[in-house]
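Visitor: Got a minute to walk me through this one? I'd like to start with the strands and then move on to the helices.

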Amino acid sequence: MGDHSAIEWTDSTWNPVTGCTKVSQGCKHCYAERMARRLQAMGVRRYRHGFRLTLQRDVLDLPLHWRDPRKVFVNSMSDLFHQSVPLEYVAEVFKTMKLAHWHTFQILTKRPERLAEISAHLDWPANVWMGTSVESVDHWNRVEILRKVPAAVRFISAEPLLGPFGRQDFSGISWVIVGGESGPGARPTDPQWVREIRDQCFNQNVAFFFKQWGGVNKKAAGRRLDRKLWSEMPSPALAT
């Protein structure tokens, strides 16, 4: 269950929830859905329901058994703030993250409205980073909502980046991850969109991480922007 991850900006994945539903264009070619269907076809019991939302209660305490500190991506195969995940269960996930204080937990949601709705009912330890996925400027309102969440680090994942952001205010944001879409039917990412985000991050003192160009063969496309690898990480001490 994700002891090691190939995702460039994390070390491990932890999925106390699997399965999801689509909410915007960034979900169109969801890698988690493809993987869940594949695992279901292989007879993997955990994915017997395919991509239907499922609470995986038996792994709630998994991070407590990982002794070495690591960055942990929470719910790479779902969205913790999906409306069908009970508040009590979300609180249990947060309880585990607080107990596993030697790890850094990275959460992403496309549902910041639900996040804002229940945020005050959660205990926010300093080792939890909270992010939202923004595939284009059409969903910039997710960032506006995220700013109000009392996380030690707030971040944006612009993957897949499907359009330019234009000029934006990144105040309250400590980290921006950008990546092109990968896999079958991958939609292209314009390098100028990426450069525009990178330059604004630089000017506003925000850590910038370029994950990949994507495409059908993402390994061949690589992750260099202007002949450089951009792998900046946020510093909680500098977070706002």
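Visitor: First up, why is strand β5 (residues 104–109) largely enclosed by the rest of the structure?
Guide: Because five of the six residues of β5 are buried. Buried means under 20% relative accessible area, exposed means over 50%, and partly exposed lies in between, with a 1.4 Å probe and protein chains only. Strands (E, at least two residues) and helices (H or I, at least four) are DSSP runs, numbered from the N terminus.

Visitor: Before I trust any of that, what kind of model is it?
Guide: This is a predicted model, where local features need pLDDT of at least 70, side-chain atom pairs count only at pLDDT 80 or more, and totals for chains, interfaces and linings use all residues. Residues are numbered from 1 along each chain as its sequence is written, and side-chain values use heavy atoms, with hydrogens and water left out.

Visitor: OK, back to β5. How many bridges join β4 to it?
Guide: Four bridges join strand β4 (residues 71–74) to β5, and the two run parallel. Two strands count as paired if DSSP finds at least two bridges between them. Valine 72 has phenylalanine 105 in β5 as its bridge partner. The chain gets from β4 to β5 through α2, in a right-handed β-α-β crossover. Right-handed means that, with the strands pointing away from the viewer, the path from the first strand over the helix to the second runs clockwise.

Visitor: And how do β5 and β6 pair?
Guide: In the parallel sense, over five bridges. Glutamine 106 stands opposite tryptophan 129 in β6. The link from β5 to β6 goes through helix α3 (residues 112–118), and that β-α-β crossover is right-handed.

Visitor: What's the strand order in the sheet?
Guide: Seven strands form an open sheet, ordered β1-β4-β5-β6-β7-β8-β9, with parallel pairing. At the edges are β1 (12–14) and β9 (207–212), each pairing on one side only. Neighbouring strands are turned by 25 degrees against each other on average, direction ignored. For angles, axes are lines fitted to C-alpha atoms, for helices over the stretch in contact, and values run from 0 to 180 degrees between N-to-C directions.

Visitor: Which faces of β7 are covered?
Guide: Both. Val153, Phe155 and Ser157 are buried on one side, and Arg154, Ile156 and Ala158 on the other. That fits the count for β7 (residues 153–158): six of its six residues are buried. Five bridges join β6 (residues 128–133) to β7, with threonine 132 opposite isoleucine 156. Four more bridges join β7 to β8 (residues 175–179), again parallel.

Visitor: Switching to helices: what does valine 143 touch?
Guide: Thr132, Val134, Ile156 and Ile173, not counting residues up to four places away in sequence. Contact means heavy atoms within 4.5 Å. Valine 143 lies in helix α4 and is buried, with a relative accessible area of 0%. Valine 143 and isoleucine 173 are 30 residues apart in sequence and 8.4 Å apart in space, C-alpha to C-alpha.

Visitor: Last one: which residues of α2 are buried?
Guide: Tyr89, Val90, Val93, Phe94, Thr96 and Met97. Seen down the axis of α2, they fall within an arc of 155 degrees, so they line one face of the helix. That arc is taken from the directions from the helix axis to the C-beta atoms.
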